[in-house]
Amino acid sequence: MTAIADIPEAPRAVRRPQIGNPVLRWLRTNLFSSIPNGILSVVLLAVLAKGLFSFVQWGIANAVWVTPANDSSACRAVRGLGACWAIIPEKYRFILFGTYPFDEQWRPALAVLLFIALFYLSSRRALWRRELAYLWIGALALISMLMWGGILGLSFVSQDRWGGLPVTLILATFGLAFGFPLGILVALGRRSKLPAIRSLSVLYVELIRGVPLVSLLFMASVMFPLFMPNGFNIDKLLRAQVAIILFAGAYLAEVIRGGLQAVPRGQYEAAEALGLSYWRKNRLIVLPQAIRHVIPPLVNTFIAFFKDTSLVLIIGIFDLLTTAKTAIIDPAWQQFSVEVYIFVAVIYFVFCFAMSRYSRSLEATSGR
């Protein structure tokens, strides 16, 4: 009988070294793997090259970057040939801060920086402690003091003068901060064994999702004050904020409910076997797994609602997009709206891209 040690090993496959330029090899594999793929790649590359060349000519080579104060004659001379980026330094303060008093615009600028700092600190998992909640409360109180004023020698500024980027960040931050826990409660309510709670949750979700956000904003701005007693009035910005919270809560509830359904039944049974109460079971066992399952659709919903804050223009609130539209009413600059919209689009893109990148890192770390 032949010993096991005497059996010769099977020859191992030898990996041939890659020969040739790695760039050419990548192009051949990904773009020119076949004749149809090669033709399509050449057509798309030609279109992209033409578009990039035209944009460089319009946006950089022939562009006007600086003009004398409120003088657009140089821009009108190159209209159709080059961009007029001079409108941005001329109108950027109105675009970013609206009609907020000019000499006091350092206050909303500081409020925006505080929001960005809070977003950054909240993205660090090492700082997810109780102290972070206290920091949010203190920072939001400071932002309110800066925006309103009336104390510490700051002049009072009513909400009618607020506008631009601070309003967009306020609506988006509070809308998602309060809409997310509301969505969790509604999602749990839809899976409740109590018929009354389940029916109310279903009614809320179907009612809110069955109407567009514009109609909710219109109801909050126009119809809601009609049901209030005489002399009782709620600020227009607050009414819009409540409408956005209710709208966000309904959509987030369905996303979270999908995550709850993805949690295996054994996790519920194991938590019940440990003697955990209903709320502890959901807080410690079920919800962390459910939210991990739906991180991509959650962030997609967050990004959509951040952009949907621009709909508040229907009730006369000056968010970032509305102030940009108002900035080009000036007859001297009315012909250069494209440059203003590109500027605003870059701001929206920066915030949305940051949320997208953070969600990818969070999904990667939570999957370990």
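## Surface patch and pockets

Leu52, Phe55, Val56, Ile60, Trp65 and Val66 make up a nonpolar patch on the surface, together offering about 620 Å² of accessible area. A patch here takes residues with over 30% relative accessible area and no salt bridge, nonpolar side chains being joined within 5 Å; a salt bridge is a Lys or Arg side-chain nitrogen within 4 Å of an Asp or Glu carboxyl oxygen. Areas are Shrake-Rupley values with a 1.4 Å probe.

Bear in mind that this is a predicted model, with local features needing pLDDT of at least 70, side-chain atom pairs counted only at pLDDT 80 or more, and pocket linings using all residues. Numbering runs from 1 along each chain, and side-chain values use heavy atoms without hydrogens or water.

Valine 66 sits in the loop between α2 (35-61) and α3 (73-77); helices are DSSP runs (H or I) of at least four residues. Valine 66 is exposed, at 70% relative accessible area (exposed means over 50%).

Now the pockets: open sets of 1 Å grid points with protein on both sides within 12 Å along at least five of seven lines, lined by residues with an atom within 4 Å of a point.

| Pocket | Volume | Lining |
|---|---|---|
| Largest | about 1,800 Å³ | 25 nonpolar, 7 polar, 5 charged |
| Second largest | about 300 Å³ | 4 nonpolar, 2 polar, 5 charged |

α15 gives the largest share of the largest pocket's lining, 11 residues. Leu188, Arg191 and Tyr268 are among the residues lining the second largest pocket, where α11 (265-273) and α12 each give two or more.

Conventions: Patch = residues over 30% accessible without salt bridge, like charges linked within 9 Å, V, L, I, M, F, W, Y side chains within 5 Å. Buried < 20%, exposed > 50% of the residue type's maximum accessible area, 1.4 Å probe, protein only. 1 Å grid on protein atoms, 1.4 Å probe; cavity = no way out; pocket = protein on both sides within 12 Å on 5 of 7 lines; lining within 4 Å. Points joined across faces, edges and corners; volume = space filled by probe spheres on them. Nonpolar A, V, L, I, M, F, W, Y, C, P; charged D, E, K, R; others polar.
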